[in-house]
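Colleague: Please take a close look at a single part of this model, starting from one side chain that takes part in charged contacts, and then set that part in the context of the rest of the chain. I would like the reasoning spelled out where a cut-off decides the matter.

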Amino acid sequence: MRVLLIIPAYNEEANIQKVVERVTAFAAQKREYELDYIIINDGSKDRTEAICREKGYNAVHLIQNLGIGGAVQTGYILAKMEGYDIAVQFDGDGQHDIGSLDALLEPILRGESDFSVGSRFLDPGAVTFRSTFMRRAGIRILSTILRVFAGCRLTDPTSGFRAANREALAFLAEDYPADYPEPESIVSLSRNGFRISEVQVNMFEREGGVSSISSAKSVYYMFKVSLAILCTSFQKKRVK
């Protein structure tokens with residue numbers, strides 16, 4: 001069983017080395033699957049590319065910024081081309097706990113799920129870091145919209161810690177949302193018959209750099225992503 005960790009990174013010079021060191025240390029431990037990683041440097045303007053080259057990291061350097069959707073889709077395309085069994089999205093900002101990967105993969109490895117989402121909210125007491133009240137409230141609203149319009153019952157639809165089996169990653173490699181890929185892709189997968197599960201994972205506070213979604217943009221983000229979910233829920237189903 002071969003698993004590819006897709007690490008999108010934009011201006012993550014403060015975090016990328018620590019992320020890779022944690023991933024490689026985890027991958028060195030014996031498990032029932034083989035773990036590789038690929039950094040998708042999304043046209044960073046800082047030293048992210050220089051660090052990757054200096055350290056010899058496995059990386060693809062995009063010549064311009066495509067956004068999170070384009071970066072992650074690049075990873076899915078590579079996973080499909082190289083014949084990986086599972087592709088995992090894992091952020092380059094250090095917030096995702098690699099120690100939660102086994103739990104994330106478990107439903108897929110057991111054959112019970114095609115796509116697994118890591119949640120911060122299934123067991124709030126198990127998480128060391130909590131997002132702001134406004135973000136948590138927004139996530140609850142998105143969860144309600146997903147349940148009503150897509151039939152998906154998820155507590156953390158914006159989570160970027162997700163795993164896709166061979167069929168799901170091939171599906172996402174063909175067409176992946178650009179603007180708000182996490183909730184939109186869940187709608188697309190659900191409407192096309194993929195089995196989606198959710199498991200508790202741990203996440204950390206960002207150690208360096210700046211989030212792409214500031215507090216000032218949160219309300220605008222909520223409006224746009226809600227509209228995107230509604231539009232996606234009415235799109236025609238795609239052929240697997």
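Modeller: Arg31 is the side chain to begin with, and its relative accessible area of 25% makes it partly exposed, a class that covers values between the 20% limit for buried and the 50% limit for exposed. The model is a predicted one, and what follows should be read with that in mind. The charged end of Arg31 is placed over the ring of Phe26, 3.6 Å from the centre of that ring, and the side chain of Arg31 also meets that of Asp102 in a salt bridge, with 2.9 Å from N to O. Because Arg31 belongs to the loop between α1 (16-27) and β2 (34-41) while Asp102 belongs to helix α4 (residues 101-109), this salt bridge ties together parts that lie 71 residues apart in sequence. Asp102, like its partner, counts as partly exposed, here at 32% relative accessibility.

Another arginine sits over an aromatic face elsewhere: Arg2 lies over the ring of Tyr84, at 4.0 Å from the ring centre.

The salt bridge of Arg31 with Asp102 is best seen against the total, which comes to 9 salt bridges. Among them is the one between the side chains of Arg110 and Glu112, where N and O are 2.6 Å apart, and these residues are joined by Glu106 in a network of salt bridges. Arg110 is partly exposed at 46% relative accessibility, and Glu112 is likewise partly exposed, with a relative accessible area of 46%. A buried example is offered by Asp156 and Arg120, both of which are buried, and whose closest N and O atoms are 2.7 Å apart in their salt bridge. Since Asp156 is in the loop between α5 (133-150) and β6 (162-165) and Arg120 is in the loop between β5 (115-119) and α5, this pair ties together parts 36 residues apart in sequence.

Arg153 is also found in the loop between α5 and β6, but this arginine is exposed, because its relative accessible area is 68% and the limit for that class is over 50%. Once the neighbours within four places in sequence are set aside, Arg153 is in contact with Arg147 and Glu198. The C-alpha atoms of Arg153 and Ser197 are 8.9 Å from each other, although these residues are 44 positions apart along the chain.

The aromatic side chains add further links, and a search of the whole structure finds 3 aromatic pairs. One of them is formed by Phe90 and Phe161, whose centres are 5.4 Å apart and whose planes stand at 75° to each other, an edge-to-face arrangement. Phe90 is in the loop between β4 (86-89) and α4 and Phe161 is in the loop between α5 and β6, so that distant parts of the chain, 71 residues apart, are linked by the pair. Both rings belong to buried residues, Phe90 and Phe161 alike. Phe171 and Phe194 make up another pair, described as tilted, with 5.0 Å between the centres and 55° between the planes. As Phe171 lies in helix α6 (residues 166-174) and Phe194 in the loop between α7 (181-191) and β7 (196-200), the pair ties together parts that are 23 residues apart in sequence. Phe171 is buried with a relative accessible area of 5%, and Phe194 is buried with 7%.

Covalent links of one kind are absent, for the search finds 0 disulfides in the whole structure. As for the cysteines, Cys52 counts as buried at 2% relative accessibility, and Cys152 counts as buried at 6%.

To place these details in the whole, the protein has 8 helices and 7 strands, and buried residues make up 53% of its 240 residues. Of the contacts with a separation of 6 or more, 77% are between residues 24 or more positions apart, and the salt bridge that ties Arg31 to Asp102 across 71 residues is one instance, described above, of parts distant in sequence being brought together. The accessible surface of the protein comes to about 11500 Å², with 53% of that area belonging to carbon and sulfur atoms.

Note on methods. Residues are numbered from 1 along each chain as its sequence is written. This is a predicted model: local features need pLDDT of at least 70, side-chain atom pairs count only at pLDDT 80 or more; totals for chains, interfaces and linings use all residues. Side-chain values use heavy atoms; hydrogens and water are left out. A salt bridge is a side-chain nitrogen of Lys or Arg within 4 Å of a carboxyl oxygen of Asp or Glu. Helices (H or I, at least four residues) and strands (E, at least two) are DSSP runs, numbered from the N terminus. Buried means under 20% relative accessible area, exposed over 50%, partly exposed in between (1.4 Å probe, protein chains only). Contact means heavy atoms within 4.5 Å. Accessible areas come from the Shrake-Rupley method with a 1.4 Å probe; for residues, only the protein chains shown count as cover. Rings of Phe, Tyr and Trp (its six-membered ring) pair if their centres lie within 6.5 Å; planes under 30 degrees apart count as stacked, over 60 as edge-to-face and the rest as tilted. A charge sits over a ring if NZ of Lys or CZ of Arg is within 6 Å of the ring centre and within 35 degrees of the ring normal. A disulfide is a pair of cysteine sulfur atoms within 2.5 Å.
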